[in-house]
Amino acid sequence: MDGVAEARSAYEARAWSRAFELYGAAGELDADDLDRYAIAAMLAGRMDEYYAIRERAYEQQLAQGDLLGAAGAALWAGMQRMASGDVVVGGGWLSRAARLIEEDGTDSIPAAVLGMSRAFTVDDLEQAVAISAEAVAAGRRLGSSDLVGLALHQQGLLLLQSGRTADGLAKLDEAMVELNSGSLSPMVTGIVYCGAISGCWTVYELTRATEWTAAMTRWCESQPELANFTGECKVRRAELKQLRGAWTDARADLARVSSADVDVWAAGCAAYVRGNLDRLQGRFSEAEECFSESGRLGYDPQPGLALLRLAQGSVEAAAAMIRRCLAEGQDDAKRVEVTYAATEILLVVGDTEAATCAADDLNKLADKCRTSIVHALDAQAQTMLRLAEGRPDAALTPARSALRRWVELHAPYQEARTRLLIADACRALGDTESAERESVTAAQLFEQLGAVPDLKLDHQLLSPREVEVLRLVATGATNRAIAARLVLSERTVDRHVSNIFTKLGVSSRSAATAYGLEHKLV
């Protein structure tokens, strides 16, 4: 068997590193083998070589007078560079492709791919969706499964971005049907898998995310030499495990993603998720390191870092961070995280007005995404607001709605947090038996998860701001003095003191102080 035949055999066996090495030693290659060589390089994680091979294919096919072949090589070089953030060089390669396609003048796959790429250059989302639909039609007309799969998944992502969640998910479903048919090339299969799963996470559609992540995991594990696309698969799998309380398993998945991986985004996201797990389990110094690594790799460590500061008692630092985050533009998935965290943090510092604005923003996102997890977070935020406003009776309806959703989602940490909110409402309404039952259940869940900070706050769950107020009460300071010290309104301090009395089951400042001393809170 000659070198090219061996390389083709390795390619068909999905032995990407071996195929790459064999093609590299084979000498002269035709257009099809250059395409396989480039794909093998990409899937083996050899991105510099991938670009060099695409450029070699461009020059070779141009010299042979194959305008569309050269355009195709230029398109893949340009689109991949654009996707990796190299907009200037990527744009240059796309311009080369456009010139050749115009010179050829026929209805071709490269022409349709170039048309599809225009969806990312227009400002109007509906126009971008229409461009993607045209590309789907062109792919079917020209018999290109790769183009159909890419265009359907692009159309789905754009529809999700425009707020048309049901339509967007339907298009992603269609893209996955194309993928499951086995007709897509290995590189396009990886792109569609990653895009579809990422799209589900933008609206927190976890049923599809779970199913497709499991399928992608099987696809990745069937190719031991696969180095690209694997990072995001591991991170998404870990996020699902974290949500469902399998924190040890989540850590194991995240440990297999490092900054040395091809996918820097995945490495940064993995560091962020590890930081959140460390924060939830009380490993604050480790969380600090993870959030630093996340930021170094270009992945925003918020709102996890702000929540870490809150857990450490640095409430003003947490508030400053989250206010800055609220002022920034983010995609919907990040915005859901930020607005929920902002509601909690801003209530702790007594800024009810800003917390209400954040919760209103989250409510709009819930209406846009229309998925169970975002509705649950929205209901939980509304519960926190109503409790802070002294309306425990009004808090129970959204709290029950959130609890039902978290139980259905098998999300034990958020279930426990919601049960504590229900306990607070019941206690404020004089139903101490129900409050105790919910508190005990929450404590059991926290203990199973190893959520040390939540356990340390006791089942009464004094917030960090309430602990701060309690410490000043213990010094003998009046509410007016406490308000001046913490730069709060006296009315806000009055409410904090009242909440402390209710949660601790005491009726005087001296009794609250005694409780704080006994439980090492002051």
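I began at His410, which is exposed, its relative accessible area being 57%. The model is a predicted one. I placed His410 in the loop that runs between α22 (392-408) and α23 (412-428). Its backbone caught my attention: phi of His410 is near 55 degrees, positive although the residue is not glycine.

I then looked up Arg14, another non-glycine residue with positive phi, here near 60 degrees. Arg14 sits in the loop between α1 (3-12) and α2 (16-25). I noted Arg14 as partly exposed, because its relative accessibility is 34% and the partly exposed class lies between 20% and 50%.

Next entry, helix α11. I checked its length against the expected span: 17 residues (186-202) at 1.5 Å a residue should cover 24 Å. The end C-alpha atoms of α11 are 25 Å apart, which agrees. I also looked at burial along α11 and found 14 of its 17 residues buried, so the helix is largely enclosed by the rest of the structure. After α11 comes Tyr204, and I wrote down its positive phi, near 55 degrees.

I moved to the loop between α16 and α17 (304-311), where Pro303 is placed. The peptide bond joining Gln302 and Pro303 is cis, with omega about 5 degrees.

From there I went to α16 itself, residues 284-296, which holds Glu288. I entered Glu288 as partly exposed, at 26% relative accessibility. Leaving aside residues up to four places away in sequence, I listed what Glu288 touches: Leu305, Leu308, Arg309 and Gln312. I also took the distance from Glu288 to Phe229, 59 residues away along the chain; their C-alpha atoms are separated by 27 Å.

Cysteines came next. How many disulfides does a search of the whole structure find? I got 0. I wanted the reason for two of the cysteines. For Cys233, the closest cysteine sulfur is that of Cys220, at 4.3 Å, which is too far for a bond, because a disulfide needs the two sulfur atoms within 2.5 Å. Cys233 is buried, with 4% relative accessible area. For Cys357, the closest cysteine sulfur belongs to Cys325 and lies 16 Å away, so this pair is also too far for a bond.

I closed with the protein chain as a whole. Its secondary structure comes to 29 helices and 0 strands. The C-alpha trace spans about 90 × 45 × 35 Å along its principal axes. I counted 55% of the 522 residues as buried. For contacts, I took residues at least 6 apart in sequence; of these contacts, 57% join residues at least 24 apart.

For the surface, I noted an exposed area of about 21900 Å², with carbon and sulfur atoms supplying 50% of it. Last, I compared where the charges sit: the chain has 55 positive and 73 negative charges, and their mean positions are 6 Å apart.

Note on methods
Residues numbered from 1 in each chain as written. Predicted model: local features only at pLDDT ≥ 70, side-chain atom pairs only at ≥ 80, totals over all residues. Heavy atoms only, no water. Buried < 20%, exposed > 50% of the residue type's maximum accessible area, 1.4 Å probe, protein only. Helix = DSSP H or I, 4+ residues; strand = E, 2+ residues; numbered from the N terminus. Expected span 1.5 Å × (residues − 1). Contact = heavy atoms within 4.5 Å. Areas by Shrake-Rupley, 256 points an atom, 1.4 Å probe, with all protein chains shown as cover. Lys, Arg positive; Asp, Glu negative; His and termini not counted. Charge placed at Lys NZ, Arg CZ, Asp CG, Glu CD.
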